[in-house]
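Hi,

Here is the structure I promised to send over. Have a look first, and then read on for what I found when I went through it.

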Amino acid sequence: MSKVLLLAACLSLVAAPVIAAESPPKAAQSENPKPSATNTSEPNQGVIFTPESVASFGSVDVEGQRVDYRAVAGTIVVHPKGWDDEAWREHAETADKATKEMAEKGPGDDRNPKAEASMFYVAYFKNGVPSAGRPITFLYNGGPGSSTVWLHMGAFGPRRVRTNDDSHTPAAPYSLVDNAYSLLDVSDLVFVDAPGTGFSRIAGKDKEKAFYGVDPDAYAFGQFIMGFLSQYGRWNSPKYLFGESYGTPRSAVLINALETEHDIDFNGVILLSQILNFDLSADGPEFNPGTEEAYVTALPTYAATAWYHNRLPGQRPADLAAFVAQVEQFATGDYAVALQAGGELDPARRQAIAERLAQYTGLPVAYVLKADLRISGGEFEKTLLDPEDLTAGRLDTRFSGPTIDPLSKEADYDPQSAAISSAYVSAFNDYVRKVLGYGADKTYKPEIEVGKDWSFTHKPPGAPYAIPGALNVMPDMAYAMKYDPDLKVMVNGGYYDLATPFYEGWYEMHHLQIPDKLQANIEYHYYQSGHMVYAHEASLKELHDNVADFIRRTDNLGR
């Protein structure tokens, strides 16, 4: 899993891999001839990459219901914004001339971007169900720079890897089991790797600029989705987006673009571990002084974490949810007022607020005062368990591990990521090759470093130009919900997530610029788990049941 925000989350196959019965691409192979440049106006045709697919079959029991399915692992080729799929025909007098110019100049003519992406996916289709009567859900993790191995192998694929609940999972062999909580009981599933991650690849001139950024990334996903709907005949299926972590701002930009630029409405958007406004991040708020909300929205997670590790002074409250609700009231009330007072805060009031913070967080009053009542996520992770020389997790604060540097100010690593990442990556690499029959001659990249190339520049809907400052896609989500007032949104979060604190998602959605009546289109679900809610099996069951219920209520199938 990505060590930053995810900046950072199957059954016995009964047949050997075969060519996908319904899909036109050829079977996956180690090398493919380049298509003629004059043929690139065809759907899913690339100049640099050739689409691939390989199919297999299996079954899984989901909470007692048997689901027989076909799995397809493959790639779809997409181009950056500005690509004209007829330009090659207009530009080349003959195929030979176009091919010669491509060799001399690189792919594309002078009017077209030169970059191209091959986006990897694994799709699962329930056997014997007409496409119009079967929902389809597109799932992706975030990063930016993360593949979707986490959602695939931990949450909703037909097989999942077992990991320890809040401690380091021992090394291989890892246990891969039938997933009784796969979403295949209610929806076909498409797990998509972002450009450059997993088995997805980018190539061509200025390839990073073409795909690594808020807007180019969302555009690529939109092109992928439209290509997939066409290739598999799913335009009239109920449709859902499911994004985790950075996948949530991607979903906000993507759903708005699909609706307003491509006339494609979706039945629902499912958000897991949400961050739409990066000003609310618990990571590094000290570099954005004067913006206090990050401390407010992180406090309920600090309290839940202290509750879990039994670091609260006095008797631990019996009911976590009730305790957290009490902390939320303090955070948005007295605490927020004290922070907004800044240097004018009365010393006696400052002392009283520090004592309340110590009561809710388990941190020493002296430490809270020294921090000026403002504690970042990294500082909390490093300090809470300092007496035991332990560091708490970031993605899931239930986890802890040996402190790297006892003298450091903040956490030096994420014990949760260290504890489970090997299991996910190893299990998927084994599964995708031996069961799905894909990637024998390829390298899977669970995460890539995109920091130096990623552009957070974003032009919100209605703005004349990109707005400088921290990324905030709340306007995109609001615009999409107003453009399609029937769009339903489901927010899910873990109490122990410090990468994207659960209360941050609640705060963002209650500050969307939408009419009050549209707030009824948003629902909220919280779990006693972390960023990867599904890493806790009891929470995975709750997540499955809640998402399945959401899909059944919104798929318009008239059961």
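**What turned up**

E286 counts as partly exposed, because its relative accessibility is 29%. You will find E286 in the loop that runs between strand 10 (268–272) and helix 7 (293–308). Its C-alpha atom is 8.1 Å from that of R374, although E286 and R374 are 88 residues apart along the chain. Please keep in mind that this is a predicted model, so everything below is computed from it.

Now the overall picture. The chain has 559 residues, and 58% of them count as buried. It is built with 15 helices and 14 strands. The accessible surface of the chain is about 21400 Å², and carbon and sulfur atoms account for 50% of that.

Two helices caught my eye for how covered they are. In helix 3 (residues 149–156), eight of eight residues are buried; among them are W150, H152, M153 and F156. Helix 6 (residues 247–262) is mostly covered too, with 13 of its 16 residues buried. Right after helix 6 comes D263, which has a positive phi near 60°.

M153 in helix 3 also has a distant partner. The C-alpha atoms of M153 and V425 are separated by 8.8 Å, with their positions 272 residues apart along the chain. V425 belongs to helix 12 (residues 415–434). And is V425 buried or partly exposed? Partly exposed, since its relative accessibility is 22% and the cut-off for buried is under 20%.

M509 is another case of this kind. M509 lies in helix 14 (residues 502–509), and it counts as buried because its relative accessibility is 0%. From M509 to M477 is 9.0 Å, C-alpha to C-alpha, with the two 32 residues apart in sequence.

On to the aromatics. How many aromatic pairs does the structure hold? There are 34. One of them is Y121 with F228, an edge-to-face pair with 5.6 Å from centre to centre and 90° between the planes. This pair ties together distant parts of the chain: Y121 is in strand 3 (residues 116–126) and F228 is in helix 5 (residues 214–231), 107 residues apart. Both Y121 and F228 are buried. They also belong to one aromatic cluster, together with F125, F138, F224 and Y232. If you colour the rings in your viewer, that cluster is a good place to start.

A ring elsewhere has a charge for company. The charged end of R316 sits over the ring of W307, at 3.9 Å from the ring centre.

There is some empty space inside as well. The largest cavity holds about 50 Å³. Its lining includes P144, G145, F211, Y212, D217, R250 and W454. Sorted by class, the lining residues are eight nonpolar, two polar and two charged.

P144, from that lining, brings me to the backbone. The peptide bond from G143 to P144 is cis, with omega near -5°. P144 is in the loop between strand 4 (136–140) and helix 3. A second cis bond runs from A172 to P173, with omega near 10°, and P173 is placed in the loop between strand 5 (159–161) and strand 6 (176–178).

Finally, a couple of aspartates in loops have a backbone angle to look at. D206 is not a glycine, yet its phi is positive, about 55°; it is found in the loop between strand 8 (201–203) and helix 4 (207–211). D372 is not a glycine either, and its phi is also positive, about 60°. Where is D372? In the loop between helix 10 (365–370) and helix 11 (377–383). D372 counts as partly exposed because its relative accessible area is 36%, which falls between the 20% and 50% cut-offs.

That is my tour of the structure. Write back if you would like to go through any part of it together.

Cheers

Conventions. Residues are numbered from 1 along each chain as its sequence is written. This is a predicted model: local features need pLDDT of at least 70, side-chain atom pairs count only at pLDDT 80 or more; totals for chains, interfaces and linings use all residues. Side-chain values use heavy atoms; hydrogens and water are left out. On a 1 Å grid over the protein atoms alone, a cavity is a set of points where a 1.4 Å probe fits but cannot get out, and a pocket is an open set with protein on both sides within 12 Å along at least five of seven lines; lining residues have an atom within 4 Å of a point. Grid points are joined across faces, edges and corners, and a volume is the space filled by probe spheres set on the points. Ala, Val, Leu, Ile, Met, Phe, Trp, Tyr, Cys and Pro count as nonpolar, Asp, Glu, Lys and Arg as charged, and the others, Gly among them, as polar. Rings of Phe, Tyr and Trp (its six-membered ring) pair if their centres lie within 6.5 Å; planes under 30 degrees apart count as stacked, over 60 as edge-to-face and the rest as tilted. Helices (H or I, at least four residues) and strands (E, at least two) are DSSP runs, numbered from the N terminus. Buried means under 20% relative accessible area, exposed over 50%, partly exposed in between (1.4 Å probe, protein chains only). A charge sits over a ring if NZ of Lys or CZ of Arg is within 6 Å of the ring centre and within 35 degrees of the ring normal. Accessible areas come from the Shrake-Rupley method with a 1.4 Å probe; for residues, only the protein chains shown count as cover.
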